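Colleague: I should like to learn how to read burial and ligand contacts in a model. Could we work through a case together?

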Amino acid sequence: MIGFIGGTSLTNSTIFKGWHQNSIETPYGTVILKKRQSSVFLQRHGSPYLPPHRINHHANIWAMKHIGVEEIIAINSVGSLKHAIKPGTFLIPDDFISIWYIPTFFNDKMQFTVPRMDTESADRLYRQCEPLKIPVKKGGIYIQTQGPRLETKAEIGMLKRFGDIVGMTMASEVTLCLECGIPYASICSVDNYCNGITKIPLTMDEIQKNVRNNLQNIERLIDSIHQGRL
Ligand code: HPA
């Protein structure tokens, strides 16, 4: 079973028409999934919508594990810290920084994980993008901030020395997936330059425009991975 995790851009996507809605009870709350053959789709923000800093990652990943997901492909929206990483393109990260919030399933026992991204899943994901001609770069450092506000120019001035892209969700998901043994790869949708990276002021309109433009490629990718596994 393959699991897709997506964000708000996929909420109204028509590609999940005909996928069956399942409700999974977890120790962390109820999770709604959509399932078809050996694929599952999870909208990470849930319903009713939870903003990035309140996403129930524990319930989401627990539910994926519980229904037998063996690999997760996530779609995460990010801002770019580098001129060369342009909005409208994608990046598959190979490392991350998330110092401010680190979720765990291990609250009652002594168990450490060595964090790493799954290179085999990332390679597979990259190869799946190739025939679809999706403009994607392999490798890069994802920095997770808490949200829901975007970063200040001063914060971005600091972060750009350490990473390539900034988002609010991926590191938490990878961390919990590592703890429960689900290989995880992310295709990050570059939806804007981070605040202050270019002279053009950052606006939510601009981000939403790029989200809409990138959606088609994301839908093509999910569809192709799903079809490839039938
Ligand atoms: N910062 C943090 N998260 C984001 C951004 C950003 O600029 N764009 C999309 N998600």
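Modeller: Let us begin with serine 172, which is buried (under 20% relative accessible area, 1.4 Å probe, protein chains only), its own value being 1%. This is a predicted model, in which local features need pLDDT of at least 70, side-chain atom pairs count only at pLDDT 80 or more, and totals for chains, interfaces and linings use all residues. Residues are numbered from 1 along each chain as its sequence is written, and side-chain values use heavy atoms, with hydrogens and water left out.

Colleague: Which residues does serine 172 touch?

Modeller: Contact means heavy atoms within 4.5 Å. Leaving aside residues up to four places away in sequence, serine 172 touches His57, Tyr101, Pro103 and Gln144.

Colleague: Which residues surround the ligand?

Modeller: A residue is counted if one of its heavy atoms lies within 4 Å of the molecule. The shell includes Ser77, Val78, Gly79, Glu151 and Asn192. Strand 5 (71–80) gives the most, with three residues.

Colleague: Which polar side-chain and backbone atoms lie beside a nitrogen atom of the ligand?

Modeller: A polar contact is a pair of N or O atoms within 3.5 Å. A side-chain N or O atom of asparagine 192 is 2.6 Å from a ligand nitrogen. For a polar side-chain atom of glutamate 151 the distance to a ligand nitrogen is 2.8 Å, and for a polar backbone atom of glycine 79 it is 3.3 Å. Taken alone, the ligand exposes 260 Å², of which the protein buries 94% (Shrake-Rupley method, 1.4 Å probe).

How values were computed
Buried means under 20% relative accessible area, exposed over 50%, partly exposed in between (1.4 Å probe, protein chains only). A polar contact is a pair of N or O atoms within 3.5 Å; within protein, one must be able to donate a hydrogen and the other to accept it, and residues adjacent in sequence count only if both atoms are side-chain atoms. Helices (H or I, at least four residues) and strands (E, at least two) are DSSP runs, numbered from the N terminus.
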